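Thank you all for making time this morning. I would like to walk you through a structure that will be new to most of you, taking one region after another.

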Amino acid sequence: MDNQTQQRVNSWLQGNYDPETKAAIQDLQKNNPDELNDAFYQTLEFGTGGLRGIMGPGTNRMNQYTVGMATQGYANYLRQQVTGEVRVAIAHDCRNNSRKFAEITANVMAANGIKVFLFESLRPTPELSFAIRTLHCHGGVVLTASHNPKEYNGYKAYWNDGGQLVPPHDKNVMIEVGKIESLDEVKWGGGAQNITSIGKDMDEAFIEMSKSQSVYPDIIAQQHDLSIVYTPIHGSGIMLVPDDLKRYGFTNIHIVQEQATPDGNFPTVVNPNPEEPGAMSLGLKLAQSIDADILAGTDPDSDRVGIGIKDHKGKWVLMNGNQTAVLAFNYLMEARKAKGIATPNDMVVKTIVTSDMIDVLAGKYGVHCYNVLTGFKWIAELIKEKEGKEHYIIGGEESYGLMVGDKVRDKDAVTAVAILCEMAAYEKQKGRSLYDKLIELYKDCGFYKESLISLTKKGMHGQEEIAQMMEGYRQSPPTTIAGVAVKTVLDYQKQIGRNLENGEIYPLTLPKSNVLQFLLADGTKISARPSGTEPKIKFYFSVNAPLADVADYEKVEAQLDAKIKSIIDDMNLK
């Protein structure tokens with residue numbers, strides 16, 4: 001353990017910390033020095049996405065002290081930016097300590113003279129975004145680690161539009177949080193009169209807003225008995241999703257009972273993430289047993305949604321985030337056009353690592369499709385920029401996030417579940433399945449297949465390894481990958497694109513981000529993106545080929561799978 005780390009440990013043992021925390025540190029000193037080192041070797045960074053980390057004692061952990069100090073920094077910034085009364089909304093998910101952290105956040109904000117609207121119990125993240133807008137707040141916080149394992153918790157900060165912090169506020173809040181170096185600088189209490197509890201009325205307003213996004217309520221009325229299986233995976237979705245589906249008009253809703261009770265230990269899953277088949281397995285089992293039409297699952301804070309449907313052979317399969325996004329984007333563009341409510345200034349938004357099939361679809365409908373950096377805060381920022389000029393319909397990203405309509409400015413699995421079920425009803429009314437529809441879209445636009453791998457580099461050197469990997473790609477980009485020429489390299493950190501064929505360099509207009517993309521001669525796109533909150537680097541692969549005939553579906557899919565495997569092998573990504 002280096003001197004700086006030891007000094008941090010000593011300051012906690014000698015400082016104004018509670019006896020339980022000190023005892024836990026002493027236990028680590030005796031029994032797990034490596035864990036102690038990891039808990040104190042750095043300060044948990046308040047990044048552009050807020051805080052996220054393992055819960056426990058230490059400067060590199062999520063605990064009441066790191067939460068309180070972060071809140072004091074955020075409160076200081078809000079007070080600097082706002083003249084007069086400052087208002088914030090605070091919510092939390094089902095995780096262990098989420099309520100405690102939410103109350104600490106509320107108490108520190110209130111002690112700083114800020115008017116606080118605190119949800120009475122767990123609520124979905126999109127409802128926090130909605131509440132910020134509805135209550136004319138200047139900011140907000142949700143305590144959640146989204147889809148991470150049970151050991152984690154997190155702190156997401158929002159601005160007055162209901163979106164997560166973007167420049168310049170994100171960096172400015174980080175600076176203010178960084179200035180808080182001692183517990184003594186935190187106002188821990190004394191402002192209880194500034195805290196107002198919110199709950200049922202906001203739930204009702206949210207559900208009414210969600211219902212207003214429905215395009216074809218008359219079709220739902222005819223297909224009201226569509227068989228829906230829903231699992232909240234022990235999370236906050238149970239608070240709104242079933243009632244929202246009922247308000248849409250669905251009457252045949254089956255909840256996965258083993259996962260219906262909120263529980264931060266997530267006893268039935270390893271990771272509470274609808275991206276992972278294990279988290280959806282109980283839902284699939286119920287869907288199969290009752291021969292349902294659609295399965296939907298949401299993560300602990302109900303911002304991500306995954307669906308399962310029957311394929312063209314009647315076998316239940318889970319859609320990936322790109323497939324779900326393609327279906328959802330297409331439904332809203334197609335349904336709005338069919339109903340005659342599409343407008344010439346309609347727009348959709350996706351991220352740069354989400355399927356380019358959406359761009360092709362939007363082109364067919366004459367809808368503007370914008371690409372932004374990864375993260376819904378950038379979708380929210382674009383909506384704000386285009387307000388009054390273009391009409392936002394839907395946004396999404398490959399990591400199982402959708403945002404329907406502009407009344408919420410973060411990914412919203414509550415409304416997404418209802419719209420995805422409406423989409424299933426729309427196709428059932430036409431006598432076909434969602435899978436049939438997906439294959440038809442592949443035939444019309446090209447068969448786009450995406451895949452993702454995530455490499456984790458643990459410990460103190462993990463971030464260094466990832467940085468070296470990215471620097472290697474920047475300094476010596478590959479000229480061929482799996483035998484196919486690399487035509488273009490897009491470096492969003494340096495904000496330049498480089499054509500490797502003729503040497504042309506041109507500017508990229510998106511904000512700086514540590515992302516590299518390789519565009520190949522055959523239309524393949526490979527993206528490399530380190531996580532901003534964890535020692536991980538993600539590689540996204542997108543390949544495509546024509547699908548001339550539905551009968552060729554399996555053959556073309558096998559070819560695309562083989563192409564992705566050859567890319568992974570060639571890049572040695574293991």
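I will go through two sheets, the helices that go with them, some unusual backbone spots and two buried residues.

Please keep in mind from the start that what you see is a predicted model.

Let me begin with the sheet of five strands, which is open and runs in the order S8-S7-S9-S10-S11, with mixed pairing. At its edges stand strand S8, residues 253–255, and S11, each of which pairs on one side only. From one strand to its neighbour, the average turn in this sheet is 20°, with direction ignored. If you look at S7 and S8, you will find that they run parallel and are joined by three bridges, and that Val-229 stands opposite His-254 of S8. As a general reminder, the strands of a sheet pair through backbone hydrogen bonds, and they can do so either parallel or antiparallel.

Two helices bring us to the surroundings of this sheet, and I will take H11 before H15. Does the length of helix H11, residues 277–290, agree or disagree with what its number of residues would suggest? With 14 residues at 1.5 Å a residue, H11 should span 20 Å, and its end C-alpha atoms are 19 Å apart, so the two agree. The helix nevertheless bends by about 30° at Gly-283. Gly-283 is also one of the buried residues of H11, and the others are Ala-279, Met-280, Leu-284 and Ala-287. In general, an α-helix has 3.6 residues a turn, so residues three or four places apart point the same way. The buried residues of H11 pack against four strands, namely S7 (228–231), S9 (294–298), S10 (305–310) and S11 (316–318).

Just after H11 comes Asp-291, which sits in the loop between H11 and S9 and has a positive phi of about 55° although it is not a glycine.

The other helix, H15, packs on the same five-stranded sheet, where it touches S7, S9 and S10, and its direction makes about 170° with that of S9. H15, residues 413–429, also meets helix H12, residues 321–339: their axes come within 10 Å and cross at roughly 65°. The crossing of H12 past H15 is left-handed. On the H12 side the contact includes Leu-327, Tyr-331 and Ala-335, while on the H15 side it includes Ile-419, Met-423 and Tyr-426.

Now to the other sheet, which has four strands in the order S13-S12-S14-S15 and is likewise open, with mixed pairing. Why is one side of S13 and one side of S15 left without a neighbour in the sheet? Strand S13 (368–372) and strand S15 (401–404) stand at the edges and each have a single partner strand, so one side of each has no neighbour there. The twist from one strand to the next averages 20°. Further in, strand S12, residues 346–351, runs parallel to strand S14, residues 391–397, and five bridges join them; Val-349, for instance, has Gly-395 in S14 as its bridge partner. Helix H14, residues 376–386, lies across S12, S13, S14 and S15, and it runs at about 165° to S14.

Let me turn to the backbone in two further loops. Most residues other than glycine have a negative phi, and most peptide bonds are trans. Against that background, the peptide bond from Pro-167 to Pro-168 is cis, with omega near 0°, and Pro-168 lies in the loop between strand S5 (152–159) and helix H7 (169–179). Ser-146, in the loop between strand S4 (139–143) and S5, is not a glycine and yet has a positive phi, near 55°. Its relative accessible area is 3%, and Ser-146 is therefore buried, the cut-off being under 20%.

Finally, I want to show you two buried residues with partners that are distant in sequence. Ser-542 lies in strand S23, residues 536–545, and counts as buried at 7% relative accessibility. Tyr-448 is 94 residues away from it along the chain, yet the C-alpha atoms of the two are separated by 6.9 Å. Among the residues that Ser-542 touches are Tyr-448, Lys-449 and Gly-523.

Ile-481, in strand S17, residues 480–481, counts as buried at 1% relative accessibility. Its contacts include Val-486, Phe-518, Leu-520 and Ile-567, and its C-alpha atom is 9.7 Å from that of Asp-569, which is 88 residues apart in sequence.

Methods. Residues numbered from 1 in each chain as written. Predicted model: local features only at pLDDT ≥ 70, side-chain atom pairs only at ≥ 80, totals over all residues. Heavy atoms only, no water. Pairing = 2+ DSSP bridges. Axes fitted to C-alpha atoms, helices over the stretch in contact; angles between N-to-C directions. Contact = heavy atoms within 4.5 Å. Expected span 1.5 Å × (residues − 1). Bend = angle between axes of the 7 residues up to and from the residue. Buried < 20%, exposed > 50% of the residue type's maximum accessible area, 1.4 Å probe, protein only. Left-handed = near helix turned anticlockwise from the far one by under 90°.
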